[in-house]
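Trainee: I'm new to this one. Could you walk me through it in plain words?
Mentor: Sure, let's bring it up and take it step by step.

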Amino acid sequence: MGLLSSSSSRLSTSHLTRSRSIVPSCLPFLAFLSVSIFLLYQVDVYIARTRKGPRRYQPTSYLLTPIPDEVKSRVITNGTFDRLFEITWGDDHADIHEEGELLTLRLDKRSGSGFRSKDEYLFGKIDMQLKLVEGNSAGTVTAYYLSSEGDFHDEIDFEFLGNTSGDPYTLHTNVYSQGKGDREQQFFLWFDPTADFHTYTIIWNPQRILFYVDDIPIREFTNNEAIGVPFPNTQPMRIHSSIWNAEEWATKGGRVKTDWSRAPFTAAYRNFNADACIWSSLKGSSCPSNSTKRPWFREKLNTAAVRKLKWAQKYHRVYNYCSDKWRFPEGPGLECKFV
């Protein structure tokens, strides 16, 4: 027992002596390693802070990262008329002002005028602010609409039928699908559309077409292809607008004619906005096949919007083709059963 204890004591003392001799010899290496790590960190931070270096220690800006095509915003806000539209007729009766943010169309006895969008659209939300002809506008029509080309064209209409001073404008709406129209609804507006600009909106998606005036829905045209009613969902359309003489029918069935002594008649446009699917004959639609991320693509009227719609139709609608037995003695379109 004594010999074993003595041997163990010598081994422990020898091991401790060796350990103590190793520690001092490691200190220079550990110091060198610490200094090297510190210097590398400082160099890396310096590089990161320079303009050319990768900003490793700064948060990545999402504005600088590539945005996938399917989620890119396609909103055109305050788009300039000279960049996004073209004058189609009456060049000397159309003017662009305020660096392209305001457009005016004029009508006189010699000519009217019109413009259209350079792009075609297949579904979208289209906003335009209009200020209509002031004073006695009888016989004039200011049209703002979407339309495709050809005999079997599709069309979504806002038309403003002028009237004598003091009488309300008639807002005329219509929907054409595959060349068939005769779906008119008319309204008297609840404000003077000649005193200031007001917003007129068309929402067009695969399920429905919605007409809005200053964010108040006034009309809904639903897709009823299931019962054989054509719906405009295959033909791309351009935005059009024009002012022209329609004294044969526009005001009180043509009984009130245009007073040319009041010419020129001027309508003004501003604040065009389009969140829409741009169509190209080469590339097709700019929208992905599933556009559920776009609110308007599946938009429908909620409870509050339905109340506003009923208010507009009860108090301001003055004509509905679905109720016109004189024009349609055999009955109006099948879609009227679901209105």
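Mentor: One cut-off before we start: buried means under 20% relative accessible area, exposed means over 50%, and partly exposed is in between. Keep in mind that this is a predicted model.

Trainee: Okay, is D92 buried, partly exposed or exposed?
Mentor: D92 has a relative accessible area of 44%. Buried would need under 20% and exposed over 50%. So D92 falls in the class in between: partly exposed.

Trainee: Which residue forms a salt bridge with D92?
Mentor: Look in the loop between strand 4 (102-107) and strand 5, while D92 itself sits in the loop between strand 2 and strand 3 (94-97). The two partners are 18 residues apart in sequence, yet their closest N and O atoms are 2.7 Å apart. At 60% relative accessibility, the partner counts as exposed. The residue is R110.

Trainee: And the sheet of eight strands, in what order do the strands come?
Mentor: The sheet is open, with antiparallel pairing. Strand 2 (85-89) and strand 17 (317-320) stand at its edges with a single partner strand each, so one side of each has no neighbour in the sheet. That puts those two at the ends of the order, 2-5-14-7-8-9-10-17.

Trainee: What is the bridge partner of R116 in strand 14?
Mentor: R116 is in strand 5, and four bridges join strand 5 (residues 113-117) to strand 14 (residues 238-245). The two strands run antiparallel. Within strand 14, the partner of R116 is H240.

Trainee: Which residue meets the side chain of R116 in a salt bridge?
Mentor: Here we go to strand 2, 30 residues away from R116 in sequence. The N to O distance is 2.8 Å. R116 is partly exposed at 23%, and its partner is partly exposed at 29%. That partner is E86.

Trainee: Where does the largest share of the largest nonpolar core come from?
Mentor: This core has 62 residues, and Y269 and F272 are among those that touch the most other members. The largest share is seven residues. They come from strand 15 (residues 265-280).

Trainee: Last one: how far apart in space are I227 and E335?
Mentor: I227 lies in the loop between strand 13 (216-222) and strand 14, and it touches L334 and F338. In sequence, I227 and E335 are 108 residues apart. C-alpha to C-alpha, though, the distance is 8.2 Å.

Terms used:
Residues are numbered from 1 along each chain as its sequence is written. This is a predicted model: local features need pLDDT of at least 70, side-chain atom pairs count only at pLDDT 80 or more; totals for chains, interfaces and linings use all residues. Side-chain values use heavy atoms; hydrogens and water are left out. Two strands pair if DSSP finds at least two bridges between them. A nonpolar core is a set of buried Ala, Val, Leu, Ile, Met, Phe, Trp, Tyr and Cys residues joined through side-chain atoms within 4.5 Å. Buried means under 20% relative accessible area, exposed over 50%, partly exposed in between (1.4 Å probe, protein chains only). Contact means heavy atoms within 4.5 Å. A salt bridge is a side-chain nitrogen of Lys or Arg within 4 Å of a carboxyl oxygen of Asp or Glu. Lists of a residue's contacts leave out its neighbours within four places in sequence.
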